[in-house]
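User: Please take a close look at one helix of this model. I should like to know how its faces are arranged and what it contributes to a pocket.

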Amino acid sequence: MGTKVKPYNREESSKKEEVAEMFDNISKRYDFLNHFLSLGIDKGWRKKAVKIISKANPKIILDVATGTGDFAIAELKLDPEKVIGLDLSNGMLDVGREKMKKKKVDHIVDMVQGDSENLPFEDNYFDAITVGFGVRNFENLEKGLGEMFRVLKPGGIVAVLEFSKPKKFPIKQSFNFYSKFIIPTVGKTVSKDKRAYSYLPESVEAFPEGQAFLDIMTKIGYTDMKQKMVSGGIASIYYGSKA
């Protein structure tokens, strides 16, 4: 699961290629749309994830699928020596690089183009690894999570923030309506990409959430995996460590 849905569903292109193209297409409007459509509550979710990884007192942090670097910026609260934000999309990274320069943190945060399934880092390098709304975009979920495990130091913490499917009334019904109708309509109008914001609810639906995702993480080798649901189950923070 998690690899069947592609942004543009072309037979001749891989999910990885289409994800990079999609984010390049929407990169200029991404930050506005992201915060507008999430009503700003995504910032609180990241804060909770940052608090979780703070337990490792991390000095070198990797943020996979960093986009324009919002998670990387939130992690500066931990006073790290280095944060590396990695993403497939150069369009998103370019926006992120400008953000780092404006905030005068580009000497701490490096924005690097790279493939989550072939991370350009040595084994046991990072004290903590985060992913915000990115793992459902992996072409090969287990390979990407395995690469993260490889570069995480023993004793290090991983935190994955991802959308969930709420189970309780009325949040379930409200979220379903919002994600299937409001997000695609507004996203298409503002971003000018007809498929990008229809792909979002489709990819959430296809993602192996909850215990299924915890089981995949445990199978790869992560230990003490837990799920913390936020905002009534709209999103979840999955976290654990490497023994």
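Analyst: **Helix α2 and its pocket**

Helix α2 (a DSSP run of H or I, at least four residues) covers residues 41-53. Its 13 residues reach 19 Å from the first C-alpha to the last, close to the 18 Å expected at 1.5 Å a residue (1.5 Å times one less than the number of residues). The model is predicted, with local features needing pLDDT of at least 70 and side-chain atom pairs 80 or more, whereas totals for chains, interfaces and linings use all residues. Numbering starts from 1 along each chain as its sequence is written, and side-chain values use heavy atoms, without hydrogens and water.

Asp-42, Trp-45, Arg-46, Ala-49, Val-50, Ile-52 and Ile-53 of α2 are buried (under 20% relative accessible area, against over 50% for exposed, with a 1.4 Å probe and protein chains only). Viewed down the axis of α2, these buried residues fall within an arc of 155 degrees (by C-beta directions), so they line one face of the helix. Lys-47 and Lys-51 are exposed on the face of α2 turned away from that buried side.

The helix also borders the second largest pocket (an open set of 1 Å grid points where a 1.4 Å probe fits, with protein on both sides within 12 Å along at least five of seven lines; lining residues have an atom within 4 Å of a point). This pocket has a volume (the space filled by the probe spheres) of about 320 Å³. Of its 14 lining residues, Lys-43, Arg-46, Lys-47, Asp-70 and Ala-74 lie nearest the centre. Two or more lining residues come from each of α1 (15-37), α2 and α3 (70-74), and α2 gives the most, with five. Thus buried Arg-46 and exposed Lys-47 both appear among the residues nearest the pocket centre.
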